[in-house]
Amino acid sequence: MLKEALLRGVNDPNSGLSQEARDFNIENNGNKVPPGYKVSHEQPLYTASSNEGKAGLDNSDNMRT
């Protein structure tokens with residue numbers, strides 16, 4: 001899931017990643033977060049009122065670098 005989110009940012013011109021971060025993601029095949037970056041949920045998990053709702057938010061489409 002994290003890997004998908006990191007690699008998606010490589011090809012997204014609006015991701016806000018520097019070229020160095022894009023290269024880092026490619027070199028590490030999305031297995032590590034680039035130095036100085038973090039990955040977070042776009043819609044925070046705490047906004048869901050149930051475990052099922054949290055599980056629905058905990059996916060790569062809801063994650064951004």
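**Close-up 1. Gly-16 is an exposed loop residue.** Gly-16 has a relative accessible area of 60%, so Gly-16 counts as exposed (buried means under 20% relative accessible area, exposed over 50%, partly exposed in between, with a 1.4 Å probe and protein chains only). Gly-16 sits in the loop between α1 and α2. Helices (H or I, at least four residues) and strands (E, at least two) are DSSP runs, numbered from the N terminus. The C-alpha atoms of Gly-16 and Thr-65 are 8.3 Å apart, although 49 residues separate the two along the chain. This is a predicted model: local features need pLDDT of at least 70, side-chain atom pairs count only at pLDDT 80 or more, and totals for chains, interfaces and linings use all residues. Residues are numbered from 1 along each chain as its sequence is written, and side-chain values use heavy atoms, with hydrogens and water left out.

**Close-up 2. Helices α1 and α2 cross obliquely.** Helix α1 spans residues 2–10, and helix α2 spans residues 19–27. Their axes come within 9 Å and cross at roughly 135°. Axes are lines fitted to C-alpha atoms, for helices over the stretch in contact, and angles run from 0 to 180 degrees between N-to-C directions. The two helices are therefore oblique to each other (under 35 degrees is roughly parallel, over 145 roughly antiparallel, 65 to 115 roughly perpendicular, the rest oblique). Leu-6, Leu-7, Gly-9 and Val-10 of α1 make the contact with Arg-22, Asn-25 and Ile-26 of α2. Contact means heavy atoms within 4.5 Å.

**Close-up 3. The buried residues of α1 line one face.** Ala-5, Leu-6, Gly-9 and Val-10 are the buried residues of α1. Seen down the helix axis, they fall within an arc of 155°, so they line one face. The arc is that of the directions from the helix axis to the C-beta atoms. These buried residues pack against α2 and β2 (63–64).

**Close-up 4. Leu-2 belongs to helix α1.** Leu-2 is partly exposed, with a relative accessible area of 35%. Leaving aside neighbours within four places in sequence, Leu-2 is in contact with Val-33 and Val-39. The C-alpha atoms of Leu-2 and Lys-32 are separated by 8.9 Å, with the two 30 residues apart along the chain.

**Close-up 5. Helix α2 has its buried residues on the same side.** Ala-21, Arg-22 and Asn-25 are buried. They cover an arc of only 100° around the axis, which puts them on the same side of α2. Their cover includes α1. Glu-20, Ile-26 and Glu-27 are exposed on the other side of α2. After α2 comes Asn-29, with a positive phi near 55°.
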